Amino acid sequence: MQLPETVEVEPGLDVQDLADRFEIFEALHTDLEIATPMSEADLEVVVDVVAISDGDEVVDLACGSGVLLRSLARRRAITGLGIDLSPWMIDRAARADTPAGAPLRWVLGDAKEQVSELGAFDVVACLGASWVWLGAPGTVRTLTEHTRPGGRIVFGDMLRRSGIKPAQAAATPSADEVIDHMSSLGVDHVETVVTSDASWDAYIGETLEAYRRWKAANVDGHRFDDDVAEWVEAQHRDRALLEWTVIVGRRR
Ligand SMILES: C[S@@+](CC[C@H](N)C(=O)[O-])C[C@H]1O[C@@H](n2cnc3c(N)ncnc32)[C@H](O)[C@@H]1O
């Protein structure tokens, strides 16, 4: 896979190896801008809540196709850095039309490694990749450590629905538990955006459509059929217990 020259690649990474590793995720998200159970309208609500200002420096960890940075850059003159480990995703991010003049940089790299080299930003986001820091607490801590006082953290994950016991949901935290944890780290809660079941259903439908397109364009595309069936089953299982939640906080 040949990435655009504008993509910075973390030294030592084997791009082809990563392309193979992330191919199934790409097969499910071909041409999808948002790779979570969030509609474009949901994302715009999140962007409203972040209340971006001209000159803000923003980093998006596990940025996927870069949709959050592009949406923020359409609102204000930001400087953005997107980091993702999938060559497919970062390729799309780097090739997408950016709002005129927006200085957005794209790095193919492990967000955990990359962020440890970075200082503080005005907005630090991670939507849908908490496993990188072994769950919500570690992710929120990392986001906070790289946020300037007064800056915002934007954390998105599947969190436990109310009424579901921790043991039923493999101890996944609830939004209230994450907000308490944020507070203990010096982050005030600004807003929680919970997407509807309809957004999750639409996401599952869009990934199946994306996979159909992938199969039509790849002679051996069907080799992921069993994995995709399992993935969809897992989405339905999770949907009963969890809800896609984005929490925005402001660092004191
Ligand atoms: C559920 S998707 C979310 C993408 C994007 N944030 C969005 O909202 O559309 C998770 C992303 O994490 C990326 N990823 C997985 N492991 C990673 C890592 N160690 N470092 C950086 N990105 C990673 C995947 O390539 C994928 O793009």
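Let's begin with the ligand: the shell around it holds 13 nonpolar, 4 polar and 3 charged residues. Keep in mind as you browse that this is a predicted model. Below you will find the ligand shell, then strand β6 and its partners, and finally a residue from the start of the chain.

**Around the ligand**
- The ligand is surrounded by 20 residues, and the closest of them are A62, G64, S86, A111 and G128.
- Two elements that each contribute at least two residues to this shell are β3 (79–84) and α6 (111–116).

**Strand β6 and its partners**
- Strand β6 spans residues 147–160 and is mostly covered, with 11 of its 14 residues buried.
- On the parallel side of the story, β6 pairs with strand β5 (residues 121–127) over 6 bridges.
- Within that pairing, F121 has T147 of β6 as its bridge partner.
- Helix α7 (residues 136–145) joins β5 and β6 in a right-handed β-α-β unit.
- β6 also pairs with strand β8 (residues 242–251), this time in the antiparallel sense and over 9 bridges.
- Here G156 stands opposite V246 in β8.

**Near the start of the chain**
- Q2 sits in the segment before β1 (7–9).
- Q2 counts as exposed because it has 7 C-beta neighbours inside 10 Å, and the cut-off for exposed is 12 or fewer.
- From Q2 to G82 the C-alpha to C-alpha distance is 19 Å, with their positions 80 residues apart in sequence.

Definitions and conventions:
Residues numbered from 1 in each chain as written. Predicted model: local features only at pLDDT ≥ 70, side-chain atom pairs only at ≥ 80, totals over all residues. Helix = DSSP H or I, 4+ residues; strand = E, 2+ residues; numbered from the N terminus. Buried ≥ 20, exposed ≤ 12 C-beta atoms within 10 Å, placed from the backbone. Near = placed C-beta within 6 Å. Nonpolar A, V, L, I, M, F, W, Y, C, P; charged D, E, K, R; others polar. Pairing = 2+ DSSP bridges. Right-handed = clockwise from strand over helix to strand, strands pointing away.
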